[in-house]
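Student: I'd like to go through this structure with you and ask how each label is earned. Shall we begin?

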Amino acid sequence: MPRTYDLPLPDLTGRRAVVTGGSDGIGFVIARSLAGAGAEVVLPVRNRTKGEAAIAGIRAAHPDAQVSLRDLDLSSLASVAALGESLREEGAPVHVLINNAGVMRPPARQVTADGFEMQLGTNHLSHVALTAHLLPLLRAGRARVVTQTSIAARNARINWDDLNWESEYDDMRAYGQSKLGCGLFGLELQRCSAASGWGITSTISHPGVAPTSLLAARPEIGRTEDTSDIRLVRRMSRLGLAGTPESAALPALMAATTGEGGEFFGPQGLGQVGGRPGRQKLWKPLRSETDAARLWDASEELARVRFAPAAAA
């Protein structure tokens, strides 16, 4: 049987949290938990119908929850920029940003609206761009930024000669690269914040392995039925050999509410696939500050954003 773990959250009344991927799965649990702790939660979503269902689920658990939708398609940098502009116009400081949304292993190589390999563009570059567009609000809120990496990053590498995987495409290696990029970005964001005095605390987390929609049927990316992998993960979860969406959300929630910048949170069970959340050592591919700085520069160029001007402003 799956195990449950309790993670009391501090009172977040008066705090504004933005959670990507909050309409289902792990992101929904994160959003529901933050709202239950009193935060005002903003859910940027691609599918408004799923978003409305998520809000109904959050309010069913917490009738007084402050939660609202915004439009966001992470496969489009124009959509990311529009969300950033809209939230900046609202002017409310952002105290928590959870870069959580993602896609995994589309059945064939696909590209975003901007021509990037889908996993690189959606999982990594769009979250870099979103963080950059929200930087003035994050600074105003002295925010905690949590960027979700994945257990797939543990043995991943950056394909420096072909970031877009235009030749010899490998869906799993491309996914691992995108999530390694998320981790390297989150760590470099902390170093840049500390060096520049932005006042942002950036941490990274990973959820382990849990049954979510990542490997389930996803018509929007051309996957018409569940994969054999997700069927296996569901069985493992039922047997207590992997996590659940509830347990898999806890490392990101811990990262959003405790600890210092640059820390890494994940499940503490066997193989880090499930278990109680806690701090853990950086995996070897995450330790290279040279790679992190190099990817930061490349990502700014590809995502067409610059952190320094926003910080100076």
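Tutor: Happily! A residue is called buried when its relative accessible area is under 20%. By that cut-off, 56% of the 313 residues of the chain count as buried. Keep in mind that this is a predicted model.

Student: What makes Ser 193 count as buried?

Tutor: The limit for buried is under 20%, and Ser 193 has 3% relative accessibility, so the label buried applies. Ser 193 has its place in helix H6. Setting aside residues up to four places away in sequence, Ser 193 touches Trp 198, Gly 199 and Ile 200.

Student: And how far is Ser 193 from Arg 231?

Tutor: From C-alpha to C-alpha the distance is 41 Å, with their positions 38 residues apart in sequence.

Student: Why is Asn 159 called buried?

Tutor: Its relative accessible area is 12%, and buried means under 20%, so Asn 159 is buried. Asn 159 sits in the loop between E5 and H6. Beyond its neighbours within four places in sequence, Asn 159 is in contact with Trp 165 and Gln 177.

Student: Why is Ala 82 called partly exposed?

Tutor: Partly exposed covers what lies between the under 20% of buried and the over 50% of exposed. Ala 82 has 41% relative accessibility, so Ala 82 counts as partly exposed. Ala 82 belongs to helix H3, residues 77-90. Leu 130 is 48 residues apart from Ala 82 in sequence, yet their C-alpha atoms are 9.7 Å apart in space.

Student: Now the whole chain. How do you know that its radius of gyration agrees with a compact globule?

Tutor: The globule rule is 2.2 Å times the number of residues to the power 0.38. For 313 residues that gives a value near 20 Å, and the chain has 18 Å, which agrees. Along its principal axes, the C-alpha trace spans about 50 × 50 × 40 Å. The accessible surface comes to about 13100 Å², and 49% of that belongs to carbon and sulfur atoms.

Student: What share of the contacts with a separation of 6 or more comes from residues 24 or more positions apart?

Tutor: Such residues account for 73% of those contacts.

Student: Which secondary structure elements does the chain have?

Tutor: The chain has 11 helices and 8 strands. An open sheet is formed by 8 strands in the order E3-E2-E1-E4-E5-E6-E7-E8, with mixed pairing.

Student: Why do E3 and E8 stand at the edges?

Tutor: Strand E3 (66-71) and strand E8 (277-279) each have a single partner strand, so one side of each is left without a neighbour in the sheet. Across this sheet, neighbouring strands are turned by 20 degrees against each other on average, direction ignored.

Student: What makes E7 and E8 a pair?

Tutor: Two strands pair if there are at least two bridges between them. Strand E7 (residues 264-267) and E8 have 3 bridges, in the antiparallel sense, so by that rule they pair. One bridge joins Pro 267 to Pro 277 in E8. E6 and E7 also pair, in the parallel sense over 2 bridges, and Ile 204 stands opposite Phe 264 in E7.

Student: Why are H6 and H10 called roughly perpendicular?

Tutor: Angles of 65 to 115 degrees count as roughly perpendicular. The axes of H6 and helix H10 (residues 289-303) cross at roughly 90 degrees and come within 9 Å, so H6 and H10 are roughly perpendicular to each other. Residues making the contact include Leu 184, Phe 185 and Cys 192 of H6 and Ala 292, Leu 295 and Trp 296 of H10.

Student: How do you know that H4 and H10 are roughly perpendicular too?

Tutor: Use the range of 65 to 115 degrees again. The axes of helix H4 (residues 118-133) and H10 cross at roughly 80 degrees and come within 9 Å, and therefore H4 and H10 are roughly perpendicular. On the H4 side the contact is made by His 124, Leu 125, Val 128 and Ala 129. On the H10 side, Leu 295, Ser 299, Leu 302 and Ala 303 take part.

Notes. Residues numbered from 1 in each chain as written. Predicted model: local features only at pLDDT ≥ 70, side-chain atom pairs only at ≥ 80, totals over all residues. Heavy atoms only, no water. Helix = DSSP H or I, 4+ residues; strand = E, 2+ residues; numbered from the N terminus. Axes fitted to C-alpha atoms, helices over the stretch in contact; angles between N-to-C directions. Buried < 20%, exposed > 50% of the residue type's maximum accessible area, 1.4 Å probe, protein only. Contact = heavy atoms within 4.5 Å. Areas by Shrake-Rupley, 256 points an atom, 1.4 Å probe, with all protein chains shown as cover. Parallel < 35°, antiparallel > 145°, perpendicular 65-115°, else oblique.
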